Amino acid sequence: MGSSANEGRYKSISIAKMILTFLLPAIVFTIPVNEAFTPAIKLFMAITLCGILMFVFEQFNSMVAAILMVFAYVIFNVAPLEIAMKPWTADITWMTLASIFLVAIVLDTKILERIGYIVLSKVGNSYMGIIFGVALTAVACRLLMGSTAACATVALICYALCQACGFGKSKEAAGIMLMGVIGYLDSDLFLYSPDFFALLPTNMATVIPEITVNYPIMFMDNLIFVPLLFVKALLIGKLCGRQITNINRQVFVSLKNSLPPIDLKEKKILVVLLALIVYLFTQQFHGYSMMYGFILAPMILCLPGMNVGTPAQLAKANYSFIFFFTGCQAIGQVGAYVGIGDFISATLLPYLVGMGQTTFLVIVWMFAFIMNFLMTPAAEMNAFTVPLAQIVTDMGYAAYPTMYTFFNGISNFVLPYESAWPLFVYSLGLIPMKDFVKVYSCKAILDFVWLITAGFAFWSFIGLM
């Protein structure tokens with residue numbers, strides 16, 4: 001009886017979401033047009049809102065939703081096909097595509113598990129040691145992979161650690177699991193991510209062409225956020241591990257020893273990954289595109305003599321993500337084409353007159369953080385980046401701090417549903433909701449305070465503000 005009632009409730013919710021997906025965009029059509037709010041902008045906003053709601057409510061497969069949205073721009077004459085499809089010619093798209101294949105190759109080995117267990121076998125003699133070990137493991141995995149997709153493996157390493165320590169669903173398990181996902185994703189605050197952060201400079205460049213971000217620029221501009229990651233580790237250790245006094249480090253030694261010896265295949269992958277890291281961080285010297293490194297790395301692993309990449313790995317890579325990714329980029333391209341940035345900038349400019357740079361950045365962070373309750377971070381980046389770039393241009397604010405601040409804001413959540421990877425980690429069943437909310441709320445406060453103090457001071461010191 002209870003199961004039938006739940007099914008009925010879920011069906012009602014699903015129907016309500018479907019109605020809202022089309023009703024809210026339909027309401028946009030009731031708004032009268034004028035010189036600023038043109039018919040093209042109205043149609044663009046209706047189609048984009050419909051696409052974003054498809055992503056948010058998850059009533060459609062993300063690839064299907066992205067394709068429908070992109071071709072709706074063309075079918076309804078909002079933009080020509082070459083504008084809507086322009087993301088497929090961008091470097092970032094091919095870097096992401098190569099990253100997806102590279103992740104599929106690496107996840108077919110024990111490289112990431114090996115890194116995690118080696119680190120924890122050295123420092124895992126206390127709960128705080130485990131937390132810092134997980135943080136180091138997450139950063140190392142993020143540096144090697146360069147893609148958000150490997151976050152799942154870090155989460156599964158953390159899950160295995162919790163099982164080995166005998167932690168069931170508890171605040172102790174929550175600390176370990178959340179440190180893994182926070183350590184991995186928040187590395188994006190200082191490590192360039194071609195499949196996530198890159199959406200911001202790519203879309204902003206449609207308004208501010210001189211914006212350029214790569215691995216060395218991202219790292220040097222945001223060096224101040226490296227120690228913040230370990231302050232978060234200290235905070236999580238204190239919040240979740242007060243009652244844990246000692247842990248037997250041999251647990252992690254046993255996990256490490258249970259892995260098969262490193263083989264030639266893994267050695268080849270590690271050499272290629274390390275070469276890719278060197279290539280990306282020396283771009284200012286050789287001057288070649290980041291795309292070449294990302295494309296060549298998996299291709300080299302597939303060459304005769306290497307024989308690491310296989311057709312099976314190529315087949316199981318998550319290519320549907322690339323359609324979602326290019327669909328998100330299309331929002332920025334089409335938005336710039338119809339002039340959405342000019343419209344929003346003209347609407348908001350009267351309220352920004354006289355507002356200082358610091359106050360503006362605080363508002364940007366708050367806006368991004370609050371919008372996470374309603375939209376996914378990727379949807380936010382594509383819906384608001386172009387208007388944000390136009391405001392920056394019109395008001396004379398600094399572009400790079402605005403971009404970094406906005407990204408910091410969308411990187412903070414309170415509830416699991418706000419972003420896919422925190423939701424995935426929560427779905428593994430070891431994190432009580434109250435501990436998820438507590439950890440992420442404290443992280444958001446810490447991120448905000450660090451940003452407006454150390455972050456702003458550092459950007460001023462290096463001349464960004």
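Visitor: Why does Asn408 count as buried or exposed?

Guide: This is a predicted model, and in it Asn408 has a relative accessibility of 1%. Buried means under 20% relative accessible area, so Asn408 counts as buried.

Visitor: Where is Asn408 placed, and which residues is Asn408 in contact with, leaving aside its neighbours within four places in sequence?

Guide: Asn408 belongs to helix α22, residues 399-410. With those neighbours set aside, Asn408 is in contact with Leu189, Phe225, Trp365, Asp447 and Leu451. Each counts as a contact because heavy atoms lie within 4.5 Å.

Visitor: What makes Val154 count as buried or exposed?

Guide: The relative accessibility of Val154 is 1%. The limit for buried is under 20%, and Val154 therefore counts as buried. Val154 is part of helix α8, residues 151-165. Apart from its neighbours within four places in sequence, Val154 is in contact with Ala138, Cys141, Gly180 and Tyr184.

Visitor: How are α7 and α9 arranged, parallel or antiparallel, and why?

Guide: The two helices pack at an angle of about 25°, and their axes are 7 Å apart. Angles under 35 degrees count as roughly parallel, so α7 and α9 are roughly parallel to each other. Their crossing is right-handed.

Visitor: Which residues make the contact between α7 and α9?

Guide: On the α7 side they include Ala138 and Cys141, and on the α9 side they include Gly180 and Tyr184. These four residues are also in contact with Val154. By class, the contact of α7 with α9 has twelve nonpolar, three polar and three charged residues.

Visitor: Why is α9 called roughly parallel or roughly antiparallel to α23?

Guide: The axes of α9 (residues 171-185) and α23 (residues 420-427) come within 10 Å and cross at roughly 160°. An angle over 145 degrees counts as roughly antiparallel, and therefore α9 is roughly antiparallel to α23. The crossing in which α9 passes α23 is right-handed.

Visitor: What classes of residue form the contact of α9 with α23?

Guide: The contact is made by Met177, Val181 and Leu185 of α9, together with Trp421, Pro422 and Val425 of α23. By class, there are six nonpolar, no polar and no charged residues.

Visitor: At what angle do α7 and α12 pack?

Guide: Helix α7 (residues 127-145) and helix α12 (residues 226-240) pack at about 145°, with axes 9 Å apart. In passing α12, α7 makes a right-handed crossing. Among the residues that meet are Tyr127 and Met128 in α7, and Leu229 and Lys238 in α12. By class, this contact has 13 nonpolar, one polar and one charged residues.

Visitor: What makes Lys238 buried, partly exposed or exposed?

Guide: Lys238, which is found in helix α12, has a relative accessible area of 46%. Buried is under 20% and exposed is over 50%; the value lies in between, so Lys238 is partly exposed. The C-alpha atoms of Lys238 and Met128 are separated by 7.9 Å, although these residues are 110 residues apart along the chain.

Visitor: Why are Tyr192 and Tyr215 called an aromatic pair, and is the pair stacked, tilted or edge-to-face?

Guide: The count for the model comes to 23 aromatic pairs. In this one, the ring centres are 5.4 Å apart and the planes are at 55°. Rings pair if their centres lie within 6.5 Å, and planes neither under 30 degrees nor over 60 degrees apart count as tilted; the pair is therefore a tilted one. Tyr192 lies in the loop between α9 and α10, while Tyr215 is in helix α11, 23 residues apart.

Visitor: How do you know whether Tyr192 and Tyr215 are buried or exposed?

Guide: Tyr192 has a relative accessible area of 4%, and Tyr215 has a relative accessibility of 4%. Because buried means under 20%, Tyr192 is buried and Tyr215 counts as buried. Ring pairs link both into a cluster that also includes Phe225 and Tyr400.

Visitor: What is notable about the phi of Asn77?

Guide: Asn77 has a positive phi of about 60° although it is not a glycine. Most residues other than glycine have a negative phi. Asn77 lies in the loop between α3 and α4. At 69% relative accessibility, over the limit of 50%, Asn77 therefore counts as exposed.

Terms used: Residues numbered from 1 in each chain as written. Predicted model: local features only at pLDDT ≥ 70, side-chain atom pairs only at ≥ 80, totals over all residues. Heavy atoms only, no water. Axes fitted to C-alpha atoms, helices over the stretch in contact; angles between N-to-C directions. Helix = DSSP H or I, 4+ residues; strand = E, 2+ residues; numbered from the N terminus. Parallel < 35°, antiparallel > 145°, perpendicular 65-115°, else oblique. Left-handed = near helix turned anticlockwise from the far one by under 90°. Nonpolar A, V, L, I, M, F, W, Y, C, P; charged D, E, K, R; others polar. Phe/Tyr/Trp six-rings, centres within 6.5 Å; stacked < 30°, edge-to-face > 60°. Buried < 20%, exposed > 50% of the residue type's maximum accessible area, 1.4 Å probe, protein only.
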